[in-house]
Amino acid sequence: MTVLYTDIGELVTNDPAAGDGTPLGVLHDAAVVVDGATIVWAGPAAHAPAADHRVSWDGDAAVPGFVDSHAHLVFAGERSAEFAARASGRPYTAGGIRTTVAATRAAGEDRLVAGVARLTQEMLAAGITTLECKSGYGLTVDDERRALEIAGRFTPETTYLGAHVVPAEYAERRDDYVDLVRGPMLDACAPHARWVDVFCERGAFDADESRAVLEAGAARGLGVRLHAGQLEQGDGVRLAVELDAASVDHCTFLSDADVEALAASRTVATLLPGVEFSTRTPWADGRRLLDAGATVALATDCNPGSSFTTSTGFCVALAVRHMGLSPAEALHAVTAGGAAALRRTDVGAVVPGLRADLVRLAAPSYVHLAYRPGVPLVSEVVAAGVRYAVGQRPVCAGP
Ligand code: NIG
Ligand code: FE
C-alpha cells in the first residue's frame, strides 16, 4: 500500500542534492510517497506520483524522524530530590548512579519494562523514531543481561554499559570489577547488545580500564561508543578516536587536541544539552566542533540522574541558545547526526530507499523547534510507515 503525504509547506530532506543546496536539503510545497515502511519518492508536490492513499499536511513543516543516539531507559527509583538539591547549589558528581542501581536491582522485570514503555512512548510523541538504550544500572551479570534483554524489546540499538561506575561491593577491588565486565558479564551481555560503552571519567573508569573493556567488547563483535569529557578533560576522546568509536558522548570539556582528533576522524561528537541544563555545568561548545569539521549529533541522554528529558525539541532549543548551533545545524544533528552516531544509513533523511520516518510539525518551518522552545510542536509521527497522531486538541467541556 502506498501513501502520499502532500501539501508539506516545508520539507527537510537532509539530501543537499534534492533541495536548496544546503545540508538540510529543504523543499517547499513538497510531498513524500511511502510504500509500506519505505520512502519511495520525495519532491515537489506538483510532480508527485499517484498513490493508494492521500494525506494532506496542510502547509505544515515536516522533518526526518529524530534519531536519539544516547539514552539510559532501563531503571527504577526516583531522584527528583537530587535534582532539587542541585538546583539549590549542590554539584553533580555522578554519585547518584548508585542510588538508581540499588532501585533497579530491587525492581521486578514488569516494573522495568513498564518504565521503558512509558519513556519510549514519550519519545515517539516527541518525534524520536530511532533510539539507543543502554544498560548500566544493574552492574551484576544477571542485572545487566536483564536490562539488555528488556531494552532489546524496544530497540535494536542496545548498548552494554557494565562499565558505568564501579558498584559499591567492588569499591575496594576495582580491578576485579573490570575483569568481570570484560569477562563473564560481557559473555552474558554480548548476545543482547549491539554496542559497548564505558563512562570514561574521574570517579568512573580511567583510560586504561576503558580500553580494556572496549577492546574486549569489540573482540566480541560489538561496536564501540564512549562517555567522555563530561566533568573534565581527559584521555577518553582520543581513546574513542583511536578505537574508531562510532561516537563519543558529552564532549563538554575538550582540549584542542581532542577537537582536532575528532575532526580528523569519523567518530561523531554527541552533545547532550539536557545534561548541562540539569547539572548546571558549562555548555559544550558545539560551534568549536563544527568549525573544526567534526560531525556533531545531539541526543537526549534520557536518564534519571543527569538529564531526565525525552524531548528532542528541548535539546534543539538548548543547543541553539547555548552551544552555538544554528537551528539548521541543530536539526541536522538530531537527524543525520544521530544516524551517523549509530552508523545507520537507513534513517536520518527523507530519501527514496530509506525507512519511512517523518515528523509533522504544527508550524510552518523547522526553525520553530528552537523559536518556540518547550512547545509540543510534533503533531504527527510516521515511524517505519506507521502513522501516529500526537497533537491533542483542547476540548471545551463547559456549557
Ligand atoms: O550520561 N555520565 C554517566 N551516565 C549518565 C548519568 C547517569 C546518572 O546520573 O544516573 C549520563 O549523564
Ligand atoms: Fe549517558
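This note sets out points on annotated sites, selected residues and one helix pair in a predicted model.

1. Two groups of residues carry the UniProt annotation "binding site". In an unreviewed entry, UniProt places this feature at His70, His72, His227 and Asp301. These residues span 232 residues in sequence, yet no two of their C-alpha atoms are more than 12.3 Å apart, so they gather at one spot. Of these residues, His72, His227 and Asp301 belong to the lining of the largest cavity.

2. The "binding site" annotation, again from an unreviewed UniProt entry, also covers Arg79, Tyr137, His164, Gln230 and Ser306. From this set, Arg79, Tyr137, His164, Gln230 and Ser306 are found in the lining of the largest cavity.

3. Histidine 227 forms part of strand β10, which comprises residues 223–228. With a relative accessibility of 2%, histidine 227 counts as buried. Leaving aside neighbours within four places in sequence, its contacts include His70 and His72, both of which carry the annotation as well. Among the other residues in contact with histidine 227 are Lys134, Leu161, Asp197, Asp249 and His250.

4. Arginine 79 is located in the loop between β6 (66–68) and α1 (80–87). Its relative accessible area is 7%, and the residue is therefore buried, given that the cut-off is under 20%. Not counting residues up to four places away in sequence, arginine 79 touches Gly96, Ile97, Thr99, Thr100, Tyr137, Pro304 and Gly305. One of these, Tyr137, is annotated together with Arg79.

5. Serine 306 occupies the loop between β13 (296–298) and α12 (312–322). Serine 306 is likewise counted as buried, at 4% relative accessibility. Apart from neighbours within four places in sequence, serine 306 is in contact with residues including Gln230 and Asp301. Gln230 is annotated with Ser306, whereas Asp301 is listed with His70, His72 and His227. Further contacts of serine 306 include Arg86, Tyr92, Gly274 and Thr279.

6. Helix α12 comes within 9 Å of helix α13 (residues 327–334), computed between axes that cross at roughly 140°. That angle makes α12 oblique to α13. The crossing of the two helices is right-handed. Thr312, Val316 and Val320 of α12 make the contact with Pro327, Ala330 and Val334 of α13.

7. Serine 379 lies in strand β15, residues 378–383. At 18% relative accessibility, serine 379 counts as buried, because the cut-off is under 20%. Residues up to four places away in sequence aside, serine 379 touches Arg360, Leu361, Ala362, Tyr388, Ala389, Val390 and Gly391.

Terms used:
Residues are numbered from 1 along each chain as its sequence is written. Chains are lettered from A and ligands numbered from 1 in the order in which they are written. This is a predicted model: local features need pLDDT of at least 70, side-chain atom pairs count only at pLDDT 80 or more; totals for chains, interfaces and linings use all residues. Side-chain values use heavy atoms; hydrogens and water are left out. UniProt positions are given in the numbering used here, feature names are shortened, and annotations may be inferred rather than shown by experiment. On a 1 Å grid over the protein atoms alone, a cavity is a set of points where a 1.4 Å probe fits but cannot get out, and a pocket is an open set with protein on both sides within 12 Å along at least five of seven lines; lining residues have an atom within 4 Å of a point. Helices (H or I, at least four residues) and strands (E, at least two) are DSSP runs, numbered from the N terminus. Buried means under 20% relative accessible area, exposed over 50%, partly exposed in between (1.4 Å probe, protein chains only). Contact means heavy atoms within 4.5 Å. Axes are lines fitted to C-alpha atoms, for helices over the stretch in contact, and angles run from 0 to 180 degrees between N-to-C directions. Angles under 35 degrees count as roughly parallel, over 145 as roughly antiparallel, 65 to 115 as roughly perpendicular and the rest as oblique. A crossing is left-handed if the near helix is turned anticlockwise from the far one by less than a right angle, and right-handed if clockwise.
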